[in-house]
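Thanks for making the time this morning. I would like to walk you through one structure, going slowly from the inside outwards, so please have the view open as I talk.

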Amino acid sequence: RKEHLRVVLKENFYELKAREIENLITCDVLKSVLTKKNQEKTDAINRNLTGKKNIYSCKIGKFLDEVLETPGKYSSESGTVKDKVNFCKDVLSKINDFDMLSDEAKQLTKKIYDFIDVNSK
């Protein structure tokens, strides 16, 4: 499927290096989101996220449950985030500057912006 899309979309095809788009969130933003919603778990959040550079390959819901040391709070049965819409809103409320995005999120954002710019003329 990906190969077909590469051929059809050419330079407009973009394959994430991460497992899901949520995995592009920086650990600093995650710390902020999790701390706001789980103040009683601040020590666990800091202990489990400090020093992490990226979370590209993990199942993000399961990872968040491990960070918080509370199984099932964030993860669905598949390991992804079970309430993606509210999780997204929480993350977006913390991102107020382009520099708060991960490198790959910046790259993808620029690619989408350029696509819209070229195709809106």
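Let me start with helix α4, which is mostly covered, seven of its nine residues being buried. This is a predicted model, so please hear every value I give as computed from predicted coordinates. The buried residues of α4 are I60, G61, F63, L64, D65, V67 and L68, and they pack against α2, α3 and α5. Just after α4 comes E69, which takes a positive phi of about 60°, and I will come back to E69 when we reach the charged pairs.

One residue to look at from the other side of that packing is L34, which lies in helix α2, residues 27–37. Is L34 buried or exposed? Its relative accessibility is 0%, and therefore L34 counts as buried. Leaving aside residues up to four places away in sequence, L34 touches I45, L49, L64, V67, L68 and Y74, and three of those names, L64, V67 and L68, you have just heard among the buried residues of α4. If you want a sense of distance across the model, the C-alpha atoms of L34 and L101, which are 67 residues apart along the chain, are separated by 17 Å.

Y74, another of the residues touched by L34, brings me to the aromatic side chains. A search of the whole structure finds one aromatic pair, and in it Y74 and F87 meet edge-to-face, at 6.4 Å centre to centre and with 75° between the planes. The pair links distant parts of the chain, since Y74 sits in the loop between α4 and α5 while F87 sits in helix α5, 13 residues apart. Both partners are covered: Y74 is buried with a relative accessible area of 12%, and F87 is buried with a relative accessible area of 5%.

For those of you thinking about the cysteines, how many disulfides does the structure hold? The structure holds zero. The sulfur of C27 has its closest cysteine sulfur in C58, at 8.5 Å, and that is too far for a bond, because a disulfide is taken here as a pair of cysteine sulfur atoms within 2.5 Å. C58 is likewise in no disulfide, the sulfur of C27 being the nearest to its own. C27 is also buried, with a relative accessible area of 4%.

Now to the charges. Side chains of opposite charge can pair when their charged atoms come close, and a search of the whole structure finds nine salt bridges, of which I will describe a few.

K2 forms a salt bridge with E15, with the closest N and O atoms 2.8 Å apart. K2 lies in helix α1, residues 2–9, and E15 in the loop between α1 and α2, so the pair ties together parts that are 13 residues apart in sequence. K2 counts as partly exposed at 46% relative accessibility, and E15 counts as partly exposed at 31%. These two also belong to a network of salt bridges that links K2, E3, R6 and E15.

A second bridge joins K84 and E20, the closest N and O atoms again being given as 2.8 Å apart. Here K84 lies in helix α5, residues 84–94, and E20 in the loop between α1 and α2, so this pair ties together parts that are 64 residues apart in sequence. K84 counts as partly exposed, at 35% relative accessibility.

As promised, E69 returns in a third bridge, with R47, where the closest N and O atoms are 2.8 Å apart. R47 is in helix α3, residues 42–49, and E69 is in the loop between α4 and α5, so that the pair links parts of the chain 22 residues apart. R47 counts as exposed at 52% relative accessibility, whereas E69 counts as partly exposed at 43%.

Let me finish on the surface. Which residues make the nonpolar surface patch of about 250 Å²? V7, V8 and L9 make that patch. Of these, V8 lies in helix α1, and V8 counts as partly exposed, at 47% relative accessibility.

How values were computed. Residues numbered from 1 in each chain as written. Predicted model: local features only at pLDDT ≥ 70, side-chain atom pairs only at ≥ 80, totals over all residues. Heavy atoms only, no water. Helix = DSSP H or I, 4+ residues; strand = E, 2+ residues; numbered from the N terminus. Buried < 20%, exposed > 50% of the residue type's maximum accessible area, 1.4 Å probe, protein only. Contact = heavy atoms within 4.5 Å. Salt bridge = Lys/Arg side-chain N within 4 Å of Asp/Glu carboxyl O. Phe/Tyr/Trp six-rings, centres within 6.5 Å; stacked < 30°, edge-to-face > 60°. Patch = residues over 30% accessible without salt bridge, like charges linked within 9 Å, V, L, I, M, F, W, Y side chains within 5 Å. Areas by Shrake-Rupley, 256 points an atom, 1.4 Å probe, with all protein chains shown as cover.
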